[in-house]
Amino acid sequence: MNGHTFRMPARRCATVAAATVLAAGPVTLAGAGAAHATGAQDGRASASVLRTGLDVSLLNKTVNVPLAVSLNEVEAPQSAHQTALTAQLDGVDGGKPFSVLRADVAKADATVSADKAESTVELAHARVHVPGLPLLSLIEVDQVTSRATCEAGEPPVASSNVLGAVTVLGKRVTLTSGGTTDVHVPGVGEVRLDLSKRETTSGTAAATALELNVSVNPLKLNVAEVEGTVTLARATCESPVAAPEKASAPQADPGPDTDVKPQEAEVKPQGAPAAKSVDLAETGGSSLTPYLAGGSAVLLALGGGAVALARKRKSQSQG
């Protein structure tokens, strides 16, 4: 198992600054920024196996020592598979390291592509401890999983499952799907569990397998009280922004087809003589029209001359 150890002094202001790693591999402190990367179109995804936000009150001092650690907390595109987290606090059991989480499987994966953001968490056969209770586990689980999927143009989906037995402060509990369970152990403390929390919006999704609100009073190893939250198997995502559809460019008028010649319009100037091929029947004439017109002119001239001669003879006879 990979182990991670932190040492925190009794005074709150110096606690995080004095944290030291006692085993190989980094662990991200809660509140510290993890390496951040975004995929195409602003999709995001994150995953964490465990995250604690606890205040530890010491018996012989009037200060609280914060225990804020996380295991396998990643943001896309990353993955982590450490299975153990060990921490130590000044003033707790003489500063000796204690186990926060040990598991057979502890995986967190987050991926982002141009059209989808997705994160998954898997935890199997895990035990979580808090300061002052070295032998009694805060919680033991067989298997928990969470998944968040955000695909461009599709509703985001969040899911989480708690499979197998769950034991809280040594007491076997039956969890209600999507509900809250309270566990009270006399002389030890209380734990409230929220099971399978899922949240979705039009563009985001978040799933948490287990969230514990802790209030215990061990009265051992110089620890008077431990209060705060422990989160197991959380996955989140944000949908990539769908690329806007490109407007289709107007099609240009195709050029003239080289195989088809445009027909030239027949244009005739005003007053131009009609072509010989025009059928005169269209205007009421025929091929005899010129002869008829000439004969009519001759007859008209002869008639006029006859009338003039008759008038002349009449005027002579009267004289």
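What follows is a short walk through the fold, strand pairing, core, disulfide and one buried polar residue of a predicted model.

Some housekeeping comes before the results. Residues are counted from 1 along each chain as its sequence is written, and side-chain values rest on heavy atoms, with hydrogens and water left out. As the model is a predicted one, local features need pLDDT of at least 70 and side-chain atom pairs count only at pLDDT 80 or more, while totals for chains, interfaces and linings use all residues.

The protein comes out as two helices and 16 strands (DSSP runs numbered from the N terminus, with H or I and at least four residues for a helix, E and at least two for a strand). Of its 319 residues, 38% are buried, where buried means under 20% relative accessible area, exposed over 50% and partly exposed in between, with a 1.4 Å probe and protein chains only. The accessible surface is about 18,600 Å², and carbon and sulfur atoms hold 53% of that (Shrake-Rupley method, 1.4 Å probe; for residues, only the protein chains shown count as cover). Looking at contacts (heavy atoms within 4.5 Å) with a separation of 6 or more, 60% are between residues 24 or more positions apart.

Next, the strand pairing, which calls for at least two DSSP bridges between two strands. Strand β8 (residues 98–112) runs antiparallel to strand β9 (residues 116–128), with 11 bridges, and the two make a hairpin with three residues between them. On the other side of the bookkeeping, β9 also pairs with β10, again in the antiparallel sense, over 12 bridges. A126 turns up in both pairings: A103 has A126 as its bridge partner in β9, and A126 in turn has V141 as its partner in β10.

Further along the chain, strand β13 (residues 180–185) and strand β14 (residues 189–200) are antiparallel and share six bridges, V185 being matched with G189 in β14. Three residues separate the strands of this hairpin, and G187 in the turn has a positive phi of about 80°. β14 is also joined to strand β15 (residues 204–216) by 11 antiparallel bridges, with E199 opposite A206 in β15. That pair, too, is a hairpin with three residues in between.

The largest nonpolar core has 65 residues, and L50, I139 and L210 have the most contacts inside it; such a core is a set of buried Ala, Val, Leu, Ile, Met, Phe, Trp, Tyr and Cys residues joined through side-chain atoms within 4.5 Å. Setting aside residues up to four places away in sequence, L50 touches a list of partners including V69, L71, L85, V100, V128, V230 and L232.

There is one disulfide in the structure (a pair of cysteine sulfur atoms within 2.5 Å). C150 and C237 form it, with their sulfur atoms 2.0 Å apart. The link bridges distant parts of the chain, going from C150 in strand β10 (residues 139–151) to C237 in strand β16 (residues 223–238), 87 residues apart. With 70° about the S-S bond, the link is right-handed, and both cysteines are buried.

Last comes N72, in the loop between β4 (70–71) and β5 (74–75). N72 counts as buried because its relative accessibility is 5%. Its side chain reaches two backbone oxygens: that of Q82 at 2.9 Å and that of A106 at 2.7 Å. Beyond neighbours within four places in sequence, N72 is in contact with residues including A47, S48, V49, H81 and K107.

Definitions and conventions: Polar contact = N/O pair within 3.5 Å; in protein donor to acceptor, adjacent residues only side chain to side chain.
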